[in-house]
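Let's take a walk through this structure together, one spot at a time. Keep the 3D view open as you read.

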Amino acid sequence: KLWYSIVNIEKYPEMATEGVGRAISYLFKIVAILAVVLSIWMTYETYEAVRDGVDYLQNEFPSFSYQEGTLSVETEEPIIIGAEQSGVGKIIVDTKTDSEEQINQYLNDIGSNESGIVVLKQKVLLKTPAVAGSISYDYQQILGNMQITQFNKQDVINYANSNQVITLYISMFITIFIYSIMMYFITTLWYVVMISIVGYITAWLLKIKMRYVAVFNMSVYAITLSVLLNVIYLIINMFIPFTIAYFQVMYVAVATIYLIAAIFIIKSETIKKQE
């Protein structure tokens with residue numbers, strides 16, 4: 001079906017007659033391919049970030065320890081790591097202050113349109129443009145659920161270099177896969193609905209009697225190449241980061257062209273039969 005969907009548009013009417021269930025099942029499978037690629041990419045990015053973080057922690061970051069809900073970093077001055085160096089936004093570490101005014105100043109330093117992390121002695125604050133204000137995570141609540149009561153700098157380095165961290169990457173891969181397959185499936189299904197409406201209007205203008213369900217099924221197969229182009233786009237981005245302007249426009253346009261081409265083929269076949 002994947003091959004027919006790309007190189008043999010004449011097969012669309014035949015595949016469409018198999019029903020909505022088969023079409024949705026096919027859509028879910030090609031979206032799963034996209035989700036797997038995305039999950040591998042993000043897990044690999046996390047792995048690289050962890051490796052860089054461990055190097056920085058081992059060679060440049062001062063000693064620290066955590067015990068019963070309190071983090072202590074052995075430095076008199078706050079540590080500020082720039083967004084370019086961290087890769088996740090500005091990071092500010094200050095386990096000495098209790099001043100709300102100082103903490104708010106740190107959040108203001110990150111900026112309302114930037115991402116950043118403020119590490120304090122009893123909690124960590126995450127700031128992102130997608131959320132108003134900041135998100136607070138209490139160490140004791142999070143680490144207590146994981147039954148972690150104490151650790152130091154060397155413990156963190158040892159854990160990051162051990163085989164135990166593989167479990168963390170596997171859990172991350174599964175979490176990203178489940179989330180991405182749900183989001184991509186819903187998004188792709190929405191694109192299919194939009195494309196099918198255009199296709200149904202096209203069939204009506206060409207005076208072809210087609211049920212909407214049949215047009216919807218063909219729209220599922222028509223979006224195949226767009227999804228695979230998205231997969232290729234993600235794979236290339238793993239090695240050569242770049243952005244294609246108006247990629248989503250092209251995504252919809254390619255699928256729409258495939259569907260309209262299939263409808264014109266049906267029109268042509270109908271004329272031949274009439275003759």
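Before we start, one bit of vocabulary: a residue is called exposed when its relative accessible area is over 50%, buried when that value is under 20%, and partly exposed in between. Also bear in mind that what you're looking at is a predicted model.

Let's try those words out on Asp-98. With a relative accessibility of 57%, Asp-98 counts as exposed, because the cut-off for that label is over 50%. What does Asp-98 form with Lys-121? The two make a salt bridge, and their closest N and O atoms are 3.0 Å apart. This pair links distant parts of the chain, 23 residues apart. Asp-98 sits in the loop between strand 4 (90-93) and helix 5 (100-110), while Lys-121 belongs to the loop between strand 5 (116-119) and strand 6 (123-127). Lys-121, at 22% relative accessibility, is partly exposed.

How many salt bridges does a search of the whole structure find? There are four. As a general point, side chains of opposite charge can pair when their charged atoms come close.

Now head for the start of the chain. Glu-18 forms a salt bridge with Lys-1, and here the closest N and O atoms are 2.7 Å apart. Glu-18 lies in the loop between helix 2 (12-16) and helix 3 (20-59), and Lys-1 is in the segment before helix 1 (2-7), so this pair ties together parts that are 17 residues apart in sequence. Both ends count as partly exposed: Glu-18 has a relative accessible area of 36%, and Lys-1 comes in at 35%. Glu-18 has another partner too, since Arg-22 forms a salt bridge with Glu-18, with the closest N and O atoms 3.6 Å apart. Put together, Lys-1, Glu-18 and Arg-22 are linked in a network of salt bridges.

Next, look for Ser-180 in helix 8. Is Ser-180 buried or exposed? It's buried, with a relative accessible area of just 4%, and the label fits because buried means under 20%. A polar atom of the Ser-180 side chain lies 2.7 Å from the backbone oxygen of Ile-176. Setting aside neighbours within four places in sequence, Ser-180 is in contact with Ala-35, Leu-38, Ser-39 and Phe-185.

Follow the chain on to the loop between helix 8 (165-205) and helix 9 (212-222), and you'll meet Lys-207. Lys-207 isn't a glycine, yet it has a positive phi of about 60°. Lys-207 also counts as exposed, at 75% relative accessibility. A positive phi turns up at Glu-68 as well, where the angle is near 50°, again in a residue other than glycine. You'll find Glu-68 in the loop between strand 1 (64-67) and strand 2 (70-73).

One last stop, this time on the surface. Which residues form a nonpolar patch there? They are Ile-232, Ile-235, Ile-236, Phe-239, Ile-240, Phe-242 and Ile-244, and together they have about 640 Å² of accessible area. Take Ile-236 as an example: it lies in helix 10 (residues 224-239) and is partly exposed, with a relative accessible area of 36%.

Terms used:
Residues numbered from 1 in each chain as written. Predicted model: local features only at pLDDT ≥ 70, side-chain atom pairs only at ≥ 80, totals over all residues. Heavy atoms only, no water. Salt bridge = Lys/Arg side-chain N within 4 Å of Asp/Glu carboxyl O. Helix = DSSP H or I, 4+ residues; strand = E, 2+ residues; numbered from the N terminus. Buried < 20%, exposed > 50% of the residue type's maximum accessible area, 1.4 Å probe, protein only. Patch = residues over 30% accessible without salt bridge, like charges linked within 9 Å, V, L, I, M, F, W, Y side chains within 5 Å. Areas by Shrake-Rupley, 256 points an atom, 1.4 Å probe, with all protein chains shown as cover. Polar contact = N/O pair within 3.5 Å; in protein donor to acceptor, adjacent residues only side chain to side chain. Contact = heavy atoms within 4.5 Å.
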